[in-house]
Amino acid sequence: MTVNTNILHPNQYNTDVKISKERYTNFDNDTLKKFGTDYSYKHQIVWKNAIGFFILHILGIWGHFIVFTGGIYWQTFIWGALLLVTSAEGVTIGAHRLWSHRTFKATPLLKTILLILQTLAGQNSIFTWCRDHRLHHRYSDTDADPHNSKRGFFFSHIGWLLCKKHPYVKELGRRIDMSDLQNDWMIMTQKKYYPYLYLIIAVIIPISVPYYYFGESLKNSILVCYFARYVFLLNGTWLVNSAAHLYGTRPYDKKLQPVESWFVSFLTLGEGWHNYHHAFPWDYKAAELSMHFNQSATFIRMFEKLGLAYDLKTASPDMVQRRIIQTGDGTHYALGNDEDRNAVTCIGIKHPINPTYTVKYQDPTVMLAIRGLPLNHQDDYLEPNVLKRNVAAS
Ligand SMILES: [Zn+2]
Ligand SMILES: [Zn+2]
């Protein structure tokens with residue numbers, strides 16, 4: 001492949017939606033020297049997805065209505081709640097903390113359990129989930145981030161799934177290192193047979209149990225145990241990409257867009273301590289502290305005690321302290337200062353659990369070089385020679 005030596009300024013590609021593929025694929029390290037968010041770029045809507053997600057949400061809301069009006073047996077409720085919590089852990093502990101970030105190691109038994117639970121969640125195969133997520137961390141809040149929160153709440157929440165990927169997401173997504181998962185037969189088998197596994201694990205089993213064993217109607221079984229719990233979990237996961245990048249404080253690194261959000265952590269079993277998580281993505285706790293709204297960290301430690309998880313990685317207190325002092329926004333509970341804490345604002349009661357709790361300082365401007373941000377440890381940037389090799393190979 002020939003390498004384009006012209007440097008493309010991000011604003012150069014803005015007005016033309018049907019840009020030739022060449023313009024994005026022929027880049028070298030200089031081409032993407034710094035890129036952020038080009039607000040004049042218009043994403044193309046994929047109507048099939050938009051209509052699909054709209055119908056999914058209508059049916060999900062209908063399912064919730066049945067639950068809240070007491071239209072189901074209590075056994076069905078327990079079953080639905082169990083599916084919801086376990087599939088959430090399949091995403092959080094499995095796809096996120098184990099496979100995307102390698103924050104700990106798991107025995108084949110635990111991997112199998114997490115793989116089944118991740119399939120139950122219906123958020124695409126582990127391979128695809130992790131590729132998108134590694135890209136999200138490497139190029140957070142830029143055009144190469146699949147759910148770039150600089151494009152606002154709607155885009156980072158669900159909008160990104162309703163339109164064509166930005167060319168940088170496609171191109172840099174191809175270059176992200178996925179070799180560990182490509183060499184894992186379990187992950188690749190799940191990817192290969194995903195539609196069948198999904199049908200059995202996420203659709204047929206959840207619906208059949210209440211219908212055959214609890215005497216629940218087929219309609220209620222489908223609306224509650226498939227649609228309602230699926231839509232609830234999807235929105236919980238999406239809040240990590242939207243709310244936890246927009247509303248909250250940045251005690252660990254004010255240059256990172258992600259924030260600390262009690263509210264999102266409460267809903268997602270510990271995934272809302274997001275400023276910390278983006279500062280130290282290799283930490284199994286995904287938070288500095290693990291005792292507040294972080295059931296996932298507790299479960300990982302429990303798995304360790306049972307001999308199912310080992311080699312748990314965590315950032316040392318010293319490393320965390322230095323980061324807070326050097327790059328934090330001053331709102332840290334122990335190492336912050338009153339002036340910065342007083343700059344916290346919100347709509348309504350001023351308490352971190354309030355979802356609108358945020359700092360009044362402006363969000364950072366995010367411009368990244370192609371080497372991206374660290375992923376597996378603090379010095380893990382994409383080496384230019386690796387990129388060059390990939391450019392040559394593609
Ligand atoms: Zn994030
Ligand atoms: Zn992550």
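**Burial, helix contacts and backbone in a predicted model**

Visitor: Is Gly63 buried, partly exposed or exposed?
Guide: In this predicted model, Gly63 has 26 other C-beta atoms within 10 Å. The cut-off for burial is 20 or more such atoms. Gly63 therefore counts as buried.

Visitor: Which residues is Gly63 in contact with, leaving aside its neighbours within four places in sequence?
Guide: Gly63 sits in helix H2, which runs over residues 47–68. Across a separation of 168 residues in sequence, its C-alpha atom lies 9.5 Å from that of Val231. With neighbours within four places set aside, the contacts of Gly63 are Leu223, Val224, Phe227 and Ala228.

Visitor: What is the distance between the end C-alpha atoms of H2?
Guide: H2 has 22 residues, and at 1.5 Å a residue these should span 32 Å. The distance in the model agrees with that expectation, because the end C-alpha atoms are apart by 31 Å.

Visitor: Does Gly52 count as buried, partly exposed or exposed?
Guide: Gly52 is also a residue of helix H2. The C-alpha atom of Leu162, 110 residues away along the chain, is separated from that of Gly52 by 9.3 Å. Gly52 has 13 C-beta neighbours inside 10 Å, and a residue is exposed at 12 or fewer and buried at 20 or more. Gly52 therefore counts as partly exposed.

Visitor: Which residue that follows H2 has a positive phi?
Guide: The phi in question is near 70 degrees. The residue that follows H2 with this value is Gly70.

Visitor: How are H4 and H10 oriented to each other: roughly parallel, roughly antiparallel, roughly perpendicular or oblique?
Guide: The axes of helix H4 (residues 108–121) and helix H10 (residues 194–213) come within 8 Å and cross at roughly 85 degrees. Angles of 65 to 115 degrees form the class into which this crossing falls. H4 and H10 are therefore roughly perpendicular.

Visitor: How many nonpolar residues are in the contact of H4 with H10?
Guide: H4 contributes Ile116, Thr119 and Leu120 to the contact, while H10 contributes Leu197, Tyr198, Ile201 and Ala202. By class, one residue is polar and none is charged. The number of nonpolar residues is six.

Visitor: How far does H4 reach from its first C-alpha to its last?
Guide: H4 has 14 residues. Among its buried residues are Leu110, Leu114, Thr119 and Leu120. The reach from first C-alpha to last is close to the value expected at 1.5 Å a residue, and amounts to 20 Å.

Visitor: Where does Asn124 lie, and does it count as buried, partly exposed or exposed?
Guide: Just after H4, Gly122 takes a positive phi of about 70 degrees. Asn124 lies in the loop between H4 and helix H5 (126–138), and its phi is near 75 degrees, a positive value in a residue other than glycine. Because Asn124 has 18 C-beta neighbours inside 10 Å, it counts as partly exposed.

Visitor: Is Ala286, another residue with a positive phi, buried or exposed?
Guide: Ala286 is not a glycine, although its phi is positive at about 55 degrees. It belongs to the loop between helix H14 (274–279) and helix H15 (295–305). There are 29 other C-beta atoms within 10 Å, so Ala286 is buried.

Visitor: What is the distance in space between Arg371 and Arg138, C-alpha to C-alpha?
Guide: Arg371 is placed in the loop between strand S4 (358–359) and helix H18 (384–393). With 16 other C-beta atoms within 10 Å, Arg371 is partly exposed. Arg371 and Arg138 are 233 residues apart in sequence, and their C-alpha distance in space is 8.1 Å.

Visitor: What percentage of residues 226–247, listed by UniProt, is helix?
Guide: The unreviewed UniProt entry lists residues 50–71, 77–95, 196–214 and 226–247 for "transmembrane region". In the model, residues 196–214 are 95% helix and 0% strand, with end C-alpha atoms 26 Å apart. Residues 226–247 have end C-alpha atoms 30 Å apart and 0% strand, and their helix content is 91%.

Visitor: What percentage of the residues of the protein chain count as buried?
Guide: The protein chain holds 18 helices and four strands. Of contacts between residues at least 6 apart in sequence, 68% join residues at least 24 apart. Among the 394 residues of the chain, the buried share is 43%.

Terms used. Residues are numbered from 1 along each chain as its sequence is written. Chains are lettered from A and ligands numbered from 1 in the order in which they are written. This is a predicted model: local features need pLDDT of at least 70, side-chain atom pairs count only at pLDDT 80 or more; totals for chains, interfaces and linings use all residues. Helices (H or I, at least four residues) and strands (E, at least two) are DSSP runs, numbered from the N terminus. Two residues are in contact if their C-beta atoms, placed from the backbone, lie within 7 Å. Axes are lines fitted to C-alpha atoms, for helices over the stretch in contact, and angles run from 0 to 180 degrees between N-to-C directions. Angles under 35 degrees count as roughly parallel, over 145 as roughly antiparallel, 65 to 115 as roughly perpendicular and the rest as oblique. Ala, Val, Leu, Ile, Met, Phe, Trp, Tyr, Cys and Pro count as nonpolar, Asp, Glu, Lys and Arg as charged, and the others, Gly among them, as polar. The expected span of a helix is 1.5 Å times one less than its number of residues. UniProt positions are given in the numbering used here, feature names are shortened, and annotations may be inferred rather than shown by experiment.
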